[in-house]
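Trainee: I have just opened this entry and would like to learn how its descriptions are justified. Could we go through a few together?

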Amino acid sequence: MTTARAATGIPFLDLAAMHAELQADLRARFDAVVDASAFIGGEHVEEFESAWATYCGRRHCVGVANGTDAILLTLRALGIGRGDEVIVPANTFVATAEAVTLSGAVPRFVDVDARTLLVDAGTVSAAVTPQTAAIVAVHLYGALPDMHALADVARRYGLALIEDAAQAHGAEFDGVRAGGHGVAGCFSFYPGKNLGALGDGGAVVTDDPVLSAKIRALGNHGRGSSHFDHRLVGTNSRLDGLQAAFLSTKLDRLDVWNDERRRVHAAYVNAFDEVDLLMVAVDERVRAVHHLEVVRVRNRAAVRARLTDAGVATGIHYPVPCNRHDAFAQGHVEALPVAERAADEVLSLPMYPHLSDAEVAHVVDRLSAVLDDVGGSG
Ligand SMILES: *Cc1c(COP(=O)(O)O)cnc(C)c1O
C-alpha cells in the first residue's frame, strides 16, 4: 500500500484530519466567544440549539453538559424515578444504564436482535411490567432499531419512548432522523461521536415545550423565571458557549462526513466479499451513519492482538453487556444470550470520514490473513 499511514499504522479514529479541514473557522469561533465573553448561555448556544432542533426535525433543543445527562434529565423531567422500571438494551454503552439508575429508576435489561444487535420490539413488549415507565431505544453503531414497532409498544402500554441517539447524529429510520421519533432524542457530543465537540457536550431534542422547559430548568440549577428563582432541585448541566460555537461550525460538515462514512462502509462491504466474516446487519428502512464498523469474530483476543501487530488499531463496543457489570447486575439473573455472545465476538474496525478506500482494503487484507491464521471467522 502506498499511503503514508500504511507505514505508521491505521488509527481507529482520526479527529485531527477532521479538525484540519475547519481550523480557520474553529479559531474564528473561539475568538468570537472570547471577545463576547459568551461562555455560559448566550447567542452561540442559542444559535446551535436552534440549528440542531431544525436538523433533527424538532421544535426544541436544550443543550446539556453531556449525553449521560441528556438521558438523565429527560427521565427526571418526565417524572420517572424511584419505583419505576426503564427498559434498556443490554448491548449499549454503560451510560444508558447509568442515567436510568441515577434517576432512581431500575434498568430492566433486554436482549437484542441477533442480526442488528439492536433492541427488538417483541422482546421489549415481553419485558413490560406494571412498573415499566419508559423504553430507551439505543441507536447503536449509527443505526436505528424498528422505531415504528417500538412506538407501537410504547403506545400500547402507555410508556415514554426515549431515544439514546448518541451514536446516530443524522441517521434515519423510514425517512425520519434520529431524535425525531420518541418523546425526546438524547445526544452526546463527546469528541469521537459523529458530531463531536472539542470537549464534552450533549443535547435533548423534543417537540414538547413543557418537557423542553423542564429539562432546561433542571440543567440550570432548577431556575424558573429569574436568576434566583429556584423551583426545582436541579443541577449544573449546560452546553457551554465555546462548545456550542464549535458544534455550529462542525454541523456544517456533518452530512458530508456521514456520506464519507457511508463510502467507507461500502468499501468494507465490498472488500468483505472475499472474507468469511459475520457482519452486523442494518434494517433496509434505516439510513445508517456508521458511527462504528462492527464485525464478529471468534478468537477475538488473538485476532485483535495480531491486527495491532500489523498496525491496524481496533476497538470493542462493548466487551461486557450491561447486565453483567457489577454496578448493574444486582437482581438481574436472567441470561441474555444474544447480547452476551456478541460481547465476546464484536470487533470494531477503523471507521472515520478520512479513511481512504485503499486503507480499508489494507485493513481487510490484514484481517483476512489473520483470520486464516487463527481461525477467527464466524
Ligand atoms: C457516548 C454515549 C453516551 C454518553 O454520552 P456522554 O456524552 O459520554 O455522557 C450514551 N449512550 C451511548 C450509546 C453513547 O455512545
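Mentor: Gladly! Keep in mind that this is a predicted model. Around the ligand there are 13 residues, and the closest are Gly67, Thr68, Asp164, Ser188 and Lys193.

Trainee: What makes the approach of Ser188 to the ligand a polar contact?

Mentor: A polar side-chain atom of Ser188 is 2.6 Å from an oxygen atom of the ligand. The cut-off for a pair of N or O atoms is 3.5 Å, so this pair counts. Lys193 also qualifies, because its polar side-chain atom lies 2.7 Å from a ligand oxygen. For Gln167, an N or O atom of the side chain is 2.9 Å from an oxygen atom of the ligand, within the 3.5 Å limit. As for cover, the ligand taken alone exposes 380 Å², and the protein buries 93% of that.

Trainee: Where does the ligand sit, and which helices each supply at least two residues of its shell?

Mentor: The ligand sits in the largest pocket. The helices are helix 5 (67-77) and helix 6 (95-103). By type, the shell residues divide into 4 nonpolar, 7 polar and 2 charged.

Trainee: Now to Ala65: why is this residue called buried?

Mentor: Its relative accessible area is 19%. Buried means under 20%, so Ala65 meets the definition. You will find Ala65 in the loop between strand 1 (60-64) and helix 5.

Trainee: How far is the C-alpha atom of Ala65 from that of Val110?

Mentor: They are separated by 28 Å, and the two residues are 45 residues apart along the chain.

Key. Residues numbered from 1 in each chain as written. Predicted model: local features only at pLDDT ≥ 70, side-chain atom pairs only at ≥ 80, totals over all residues. Heavy atoms only, no water. Near = heavy atom within 4 Å. Polar contact = N/O pair within 3.5 Å; in protein donor to acceptor, adjacent residues only side chain to side chain. Areas by Shrake-Rupley, 256 points an atom, 1.4 Å probe, with all protein chains shown as cover. 1 Å grid on protein atoms, 1.4 Å probe; cavity = no way out; pocket = protein on both sides within 12 Å on 5 of 7 lines; lining within 4 Å. Sits in = over half its atoms within 2 Å of the grid points. Helix = DSSP H or I, 4+ residues; strand = E, 2+ residues; numbered from the N terminus. Nonpolar A, V, L, I, M, F, W, Y, C, P; charged D, E, K, R; others polar. Buried < 20%, exposed > 50% of the residue type's maximum accessible area, 1.4 Å probe, protein only.
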